[in-house]
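Me: I'm new to this one, so could you walk me through it with some questions and answers?

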Amino acid sequence: MGRVLSGIQPSGQLTLGNYIGAMQNYVKLQHTEECYFMVVDLHAISVAQEPAKLREQSEAVAALFIAAGIDPLKANVYMQSHVRAHAELGWIMTTLSNMGELERMTQFKEKSAGKESVGAGLFVYPPLMAADILVYNSDLVPVGDDQKQHLELTRDLAGRFNSRYGEYFKIPEPYIPKVGARIMSLDDASKKMSKSNPNPGSYIALLDPPDVIRKKISRATTDSGREVKFDPASKPEISNLISIYSHCANMSVQEVEARYEGQGYGPFKKDLAEHVVSVIEPLQANYNEIRKSGEIHAILKQGAERAAAVADRTLAEVKERMGFLPPQ
Ligand code: AQP
């Protein structure tokens with residue numbers, strides 16, 4: 001059994017991109033691996049969050065994990081801030097990082113572009129993510145394509161630690177879905193679908209009511225022409241919608257193209273909306289039940305206790321190798 005670690009920020013309402021790119025793989029992996037799935041609240045505050053919203057969104061993300069099919073008896077589900085070793089190993093990883101490599105991170109460049117003042121938390125987000133992964137000596141990290149660069153940095157930091165202080169960390173591997181690794185915005189297929197996009201029409205939230213989903217898909221930007229053809233270079237908008245369709249209807253891209261040959265965008269978008277709704281509706285029913293039950297707090301407590309037992313041991317061993325005086 002390998003170890004698997006991943007997390008999602010409570011920085012907004014989870015989107016279909018988070019679900020297809022990450023959560024669906026969580027559900028798959030829990031059956032064969034030892035899994036750690038966190039709500040990464042320490043990462044979320046790298047951009048200012050309103051306290052009441054952060055609290056609500058944290059609980060909502062945890063409940064959506066369970067609603068999507070993560071079984072808390074199989075996988076550990078918890079808040080990142082409830083396992084203190086993350087922050088402490090995060091500082092250690094920051095000290096192993098170079099300014100130049102952090103400056104090259106695409107997510108940092110995108111999130112800081114055009115801003116007069118940029119929080120230092122955004123800059124040191126990647127070494128904290130490295131700590132999240134390494135504190136469990138993880139083998140596999142299920143993420144969307146956008147996190148690949150951060151994972152590369154994690155591998156570099158693990159290697160750097162090993163060469164300075166002796167072999168200790170495993171070098172983790174990304175686990176990226178073949179279809180849906182990068183779901184794009186509904187209003188602009190050059191940007192990824194993102195929960196913190198100020199335009200709610202750009203994303204499908206997992207908690208959007210079915211009619212809102214239908215409306216958002218009917219308004220989604222399409223390319224000129226009318227052919228339903230997967231060609232990301234010349235038809236990026238429709239190719240993104242085909243990826244979503246393929247995923248939600250469990251059909252190959254070629255099957256989707258064949259079904260709508262000669263029919264234009266109208267019937268395709270209408271059916272796409274129904275396929276998305278059919279994936280999201282049962283998830284919302286589970287979500288409502290979990291929120292009503294209030295069980296989420298006990299699940300998070302138990303998950304954090306189990307995770308801390310592993311993470312604290314790693315942190316103690318790392319500090320010993322680095323020459324920290326142990327507490328007496
Ligand atoms: N559009 C996407 N397509 C595929 N996968 C995606 N992920 C996010 N967006 C897409 C994957 O979801 C996981 C959790 O991401 P996160 O919340 O920690 O941060 P993020 O990648 O920055 O996601 P967002 O939605 O864009 O959040 P904000 O707007 O707050 O920055 C990751 O595995 C990610 O790859």
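Me: Which residue's side chain has a polar atom 2.8 Å from the backbone oxygen of Asp208?

Reply: Keep in mind that this is a predicted model. Setting aside neighbours within four places in sequence, the residue in question is in contact with Leu206, Leu207, Asp208 and Pro210. A polar atom of its side chain also lies 2.8 Å from the backbone oxygen of Leu206. The one that sits 2.8 Å from the backbone oxygen of Asp208 is Gln284.

Me: Okay, and is Gln284 buried or exposed?

Reply: Gln284 has its place in helix H13. Its relative accessible area is 12%, and the cut-off for the lowest class is under 20%. So Gln284 counts as buried.

Me: What about Ile280, how much relative accessible area does that residue have?

Reply: Ile280 lies in helix H13. Leaving out neighbours within four places in sequence, Ile280 is in contact with Leu16, Ile204, Ala205, Leu206 and Ile213. Ile280 is buried, because its relative accessible area is 2%.

Me: How far apart in space are Ile280 and Ala68, C-alpha to C-alpha?

Reply: In sequence, 212 residues separate Ile280 and Ala68. In space, the C-alpha to C-alpha distance between Ile280 and Ala68 is 9.3 Å.

Me: Which helix gives the most residues to the largest nonpolar core?

Reply: The largest nonpolar core has 64 residues, and those touching the most other members include Leu16, Leu206 and Phe268. One helix, spanning residues 265–293, gives 11 residues to this core. That top contributor is helix H13.

Me: Which domains each give at least three residues to this core?

Reply: The domain assignment splits the protein chain into domain 1 (3–176 + 294–322) and domain 2 (200–288). The core draws at least three residues from each of domain 1 and domain 2.

Me: How many residue pairs are in polar contact between domain 1 and domain 2?

Reply: The contact takes 14 residues from domain 1 and 13 residues from domain 2. About 1200 Å² is buried between them, with carbon and sulfur atoms giving 75% of that area. Salt bridges between the two domains come to 0. For residue pairs in polar contact, the count is 4.

Me: Which helices each supply at least two residues of the side of domain 1 that touches domain 2?

Reply: One of them spans 16–29 and the other 51–67. Those are helix H1 and helix H3.

Me: How many residues apart in sequence are the parts that Arg3 and Glu34 tie together?

Reply: Arg3 forms a salt bridge with Glu34, where the closest N and O atoms are 2.9 Å apart. Arg3 is in strand S1 and Glu34 in strand S2, so the pair ties together parts whose separation in sequence is 31 residues.

Me: Which residues are joined into one network by salt bridges that share partners?

Reply: Start with the salt bridge between the side chains of Glu56 and Arg291, at 3.0 Å from N to O. This pair links distant parts of the chain, with Glu56 in helix H3 and Arg291 in helix H13, 235 residues apart. Arg291 is partly exposed, with a relative accessible area of 24%. The residues joined in the network are Glu56, Glu59 and Arg291.

Me: Last one: is Lys301 buried or exposed?

Reply: Lys301 forms a salt bridge with Glu305, the closest N and O atoms being 3.4 Å apart. Both residues lie in helix H14, about one turn of the helix from each other. Lys301 has 54% relative accessibility, so this residue counts as exposed.

Terms used: Residues are numbered from 1 along each chain as its sequence is written. This is a predicted model: local features need pLDDT of at least 70, side-chain atom pairs count only at pLDDT 80 or more; totals for chains, interfaces and linings use all residues. Side-chain values use heavy atoms; hydrogens and water are left out. A nonpolar core is a set of buried Ala, Val, Leu, Ile, Met, Phe, Trp, Tyr and Cys residues joined through side-chain atoms within 4.5 Å. Buried means under 20% relative accessible area, exposed over 50%, partly exposed in between (1.4 Å probe, protein chains only). Helices (H or I, at least four residues) and strands (E, at least two) are DSSP runs, numbered from the N terminus. Domain bounds come from an automatic or database domain assignment. Contact means heavy atoms within 4.5 Å. Buried area is the accessible area (1.4 Å probe) that two parts lose on being put together, summed over both. A salt bridge is a side-chain nitrogen of Lys or Arg within 4 Å of a carboxyl oxygen of Asp or Glu. A polar contact is a pair of N or O atoms within 3.5 Å; within protein, one must be able to donate a hydrogen and the other to accept it, and residues adjacent in sequence count only if both atoms are side-chain atoms.
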